[in-house]
Structure formats: structure tokens, C-alpha cells
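This report goes through selected features of the structure shown below, beginning with its elements and moving on to its cores, charges and contacts.

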Amino acid sequence: MKNTYPKHEKLKSKTTIDLLFSEGKSVSKYPLRLVFAPIALEEGEKIKMGVSVSKKYFKKAVDRNYFKRVLRETYRLNKQLLLENMDKPYALMFFYQSKDRLSYEEINEKTIQLFEKFVAAIKE
């Protein structure tokens, strides 16, 4: 499987994002949080993913953009953990919620743990 983050996987729909915040469930692994909700997607699509870094913690756009790039990259490299264990399509929103500046390696490790926690939550 290719490790890509193509355009059709990006979460852009305002209605889907609103649905995530109103009806979605979440799992956390400090400093990361994943909000998810099952959705209906076209045939062949299994996932819609968005990333967010709060302006509350990082005032400068440069810093927020850096952490968004890191989150997208860790998702791209580890998304097979999600795809192998999902039986229906999900919308996901991935947050970095801390002032702490973790290294790429630490964030990648936390992402793997968070995805494993998500898989356990959808299996229940």
C-alpha cells in the first residue's frame, strides 16, 4: 500500500466537520486527540482526515503550520494501522493540544499509540 495523503482523503466539508463536533467520539494520547464519527462515503473511500493545531497554544502561524505538517506526515506513514482495522468509513479530526514542543519522533510514537487506541474504541 502506498503511503500517501491524497486530496480525496482530506476533510474539507463544513457539514462533516460540524457532525464530528456534535456527534463524534474522541480518544486521546497526550498531547494528541482524535475525534471520529462514522460517515457515508463514495465506494472505495474509507477515510476523511483533517488536522488542527490551536492558536491558543501556538500564536505564530509558522509554528502551527509546522505541527500540522508533522501531524499529516505521521498520519501518512501510519494510516495502514487504521485502514486494516476499519470496517466502515470514518471522518477523523487530528489535534495537537499542548504548548509542549515534542520532537517528530515523539509525535510519531504518540500517533501510533493513538491509532491503536482508536482501533480498540471502534471494535467495542
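Helices (H or I, at least four residues) and strands (E, at least two) are DSSP runs, and they are numbered from the N terminus. The model is a predicted one, in which local features need pLDDT of at least 70 and side-chain atom pairs count only at pLDDT 80 or more, while totals for chains, interfaces and linings use all residues. Residues are numbered from 1 along each chain as its sequence is written, and side-chain values use heavy atoms, with hydrogens and water left out.

**Strands and the cis peptide**

Gly50 lies in strand E3 and, at 6% relative accessibility, counts as buried; the word buried is used here for residues under 20% relative accessible area, exposed for those over 50%, and partly exposed for those in between (1.4 Å probe, protein chains only). The C-alpha atom of Gly50 is 8.6 Å from that of Phe95, a residue 45 positions away along the chain. Ser26, by contrast, belongs to strand E1 and is partly exposed, with a relative accessibility of 41%. Between the C-alpha atoms of Ser26 and Lys117 there are 10.0 Å in space, although 91 residues separate the two in sequence.

The loop between strand E1 (25–29) and E2 contains Pro31, and the peptide bond that leads from Tyr30 to Pro31 is cis, with omega near 5°.

**Nonpolar cores**

A nonpolar core is taken as a set of buried Ala, Val, Leu, Ile, Met, Phe, Trp, Tyr and Cys residues that are joined through side-chain atoms within 4.5 Å. The largest such core has 28 residues, and those with the most contacts inside it are Leu34, Leu92, Phe94, Tyr96 and Phe118. Two or more residues are given to this core by each of strand E2 (32–38), strand E3 (47–53), helix H2, strand E4 (90–96) and helix H3 (104–123). There is also a second, separate core of eight residues, which includes Leu20, Val35, Ile39 and Met93.

**Helices H1 and H2**

Val70 is part of helix H2 and is buried, its relative accessible area being 6%. The C-alpha atoms of Val70 and Ile107 are separated by 7.9 Å, with these positions 37 residues apart along the chain. Arg69 also lies in helix H2, which covers residues 61–83, but Arg69 is partly exposed at a relative accessible area of 49%.

In helix H1, where Asp18 is located, the relative accessible area of Asp18 is 40%, which makes this residue partly exposed. Asp18 and Ser28 are 10 residues apart along the chain, and 20 Å separates their C-alpha atoms.

**Salt bridges**

A salt bridge is counted where a side-chain nitrogen of Lys or Arg is within 4 Å of a carboxyl oxygen of Asp or Glu. By this rule the count comes to five, and the table lists three of them.

| Pair | Closest N to O | Exposure |
|---|---|---|
| Lys79 and Glu9 | 2.8 Å | both buried |
| Lys48 and Glu45 | 3.9 Å | both buried |
| Arg76 and Glu73 | 2.8 Å | Arg76 partly exposed, 24%; Glu73 partly exposed, 29% |

What does the salt bridge between Lys79 and Glu9 tie together? Lys79 lies in helix H2 and Glu9 in the segment before helix H1 (14–23), so the pair links parts that are 70 residues apart in sequence. Arg76 and Glu73, in turn, are three residues apart in helix H2, and this spacing separates them by about one helical turn.

**A positive surface patch**

Lys7, Lys12, Arg69 and Arg72 form a positive surface patch. Patches are made of residues with over 30% relative accessible area and no salt bridge, with like charges joined within 9 Å and nonpolar side chains (Val, Leu, Ile, Met, Phe, Trp, Tyr) within 5 Å. For this purpose Lys and Arg count as positive and Asp and Glu as negative, whereas His and the chain ends are not counted.

How values were computed. Accessible areas come from the Shrake-Rupley method with a 1.4 Å probe; for residues, only the protein chains shown count as cover. The place of a charge is taken as NZ of Lys, CZ of Arg, CG of Asp or CD of Glu.
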